[in-house]
Amino acid sequence: MHIDIITIFPAMFEGPFTQSIIKRSVEKGLVSLDIHDLRDFTKNKHRSVDDYAYGGGAGMVMMIEPLADCIEELKNKRDYDEIIFLTPDGNLLDQEMANQISTLQNIILLCGHYKGIDERVREHFITREISIGNYVLSGGELAAAVVVDSIVRLIPGVLGDETSALSDSFQDKLLSPPVYTRPAKFRGWEVPDILLSGHERKIHEWRMEKALERTKKRRPELLEGNNNQK
Ligand code: 6GU
């Protein structure tokens with residue numbers, strides 16, 4: 001999978017993309033990531049990427065020219081399955097959406113800032129708009145990093161244990177059961193006996209029961225099938 005990211009803060013990705021799973025997926029050649037600084041596509045001498053909103057009002061708007069130039073340059077090199085704009089008024093990211101995006105070959109993630117981007121970019125270039133939750137971030141960068149993490153870990157071969165992404169919370173619309181590791185007793189606090197029993201079927205049943213119990217208590221809407229757009 002190839003991911004192009006368009007941003008005015010390229011350095012914001014240095015941390016998340018050089019650690020852990022994302023770093024490993026790039027090293028294994030399963031994912032390639034290119035970060036594009038939108039300012040490299042400005043034609044004015046101040047390298048500005050935003051301007052006042054027509055009609056007035058507070059807040060700047062990201063200009064169409066550098067965005068169009070950047071997107072078109074990328075499109076000349078590759079065919080994209082999706083050109084995604086990260087925006088608080090997009091569709092809420094959930095596991096199903098992450099699963100679907102993880103099957104694509106080439107995508108662009110466009111990070112917005114200020115009051116938004118010129119609407120004509122959304123009309124003519126963007127194919128999908130994603131929000132990561134009902135709160136406002138300063139920009140789309142952290143949201144883009146979240147999207148990348150959620151999809152990269154699903155690409156076959158990225159996780160060591162092929163089954164581990166499938167047993168994630170949400171993958172079967174259930175939260176994960178509690179887990180424990182050594183020591184079996186800490187300050188008198190004990191690990192449930194069943195997990196030490198070695199009885200595979202009973203352990204599986206216990207985990208299913210606990211997963212269901214936890215989901216009912218914390219996220220009952222997952223069981224009712226309406227896990228999005230609350
Ligand atoms: Cl994608 N962008 C911004 N700026 N804020 C958000 C968001 C995205 N998703 C939730 N809040």
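Okay, so domains. The domain assignment splits this protein in two: domain 1 runs over 2-152, and domain 2 covers 169-223. Keep in mind that this is a predicted model. Taking the centres over C-alpha atoms, domain 1 and domain 2 sit 38 Å apart.

Now to the ligand. Which residues surround it? Going along the chain, we have Leu86, Thr87 and Pro88, then Ile130, Ser131, Ile132 and Gly133, and finally Tyr135, Leu137, Gly139 and Ala143.

And where do those come from in terms of strands? Strand S5, that's 82-92, and strand S7, 128-131, each give at least two residues to the shell around the ligand. S5 has the largest share, with three residues.

What about the chemistry of that shell? By class, you've got seven nonpolar residues and four polar ones, and no charged residues. So if you were about to ask me about charged side chains in the shell, there are none.

Okay, polar contacts. Let's take the backbone ones together. Ile132 has a backbone N or O atom 3.0 Å from a ligand nitrogen, and for Leu137 there's a polar backbone atom, again with 3.0 Å to a nitrogen atom of the ligand. Then there's a side-chain one: a polar side-chain atom of Ser131 lies 3.3 Å from a nitrogen atom of the ligand.

How much of the ligand does the protein bury? On its own, the ligand exposes 290 Å², and 96% of that is buried by the protein.

How values were computed
Residues are numbered from 1 along each chain as its sequence is written. This is a predicted model: local features need pLDDT of at least 70, side-chain atom pairs count only at pLDDT 80 or more; totals for chains, interfaces and linings use all residues. Side-chain values use heavy atoms; hydrogens and water are left out. Domain bounds come from an automatic or database domain assignment. A residue is near a molecule or strand if one of its heavy atoms lies within 4 Å of it. A polar contact is a pair of N or O atoms within 3.5 Å; within protein, one must be able to donate a hydrogen and the other to accept it, and residues adjacent in sequence count only if both atoms are side-chain atoms. Accessible areas come from the Shrake-Rupley method with a 1.4 Å probe; for residues, only the protein chains shown count as cover. Helices (H or I, at least four residues) and strands (E, at least two) are DSSP runs, numbered from the N terminus. Ala, Val, Leu, Ile, Met, Phe, Trp, Tyr, Cys and Pro count as nonpolar, Asp, Glu, Lys and Arg as charged, and the others, Gly among them, as polar.
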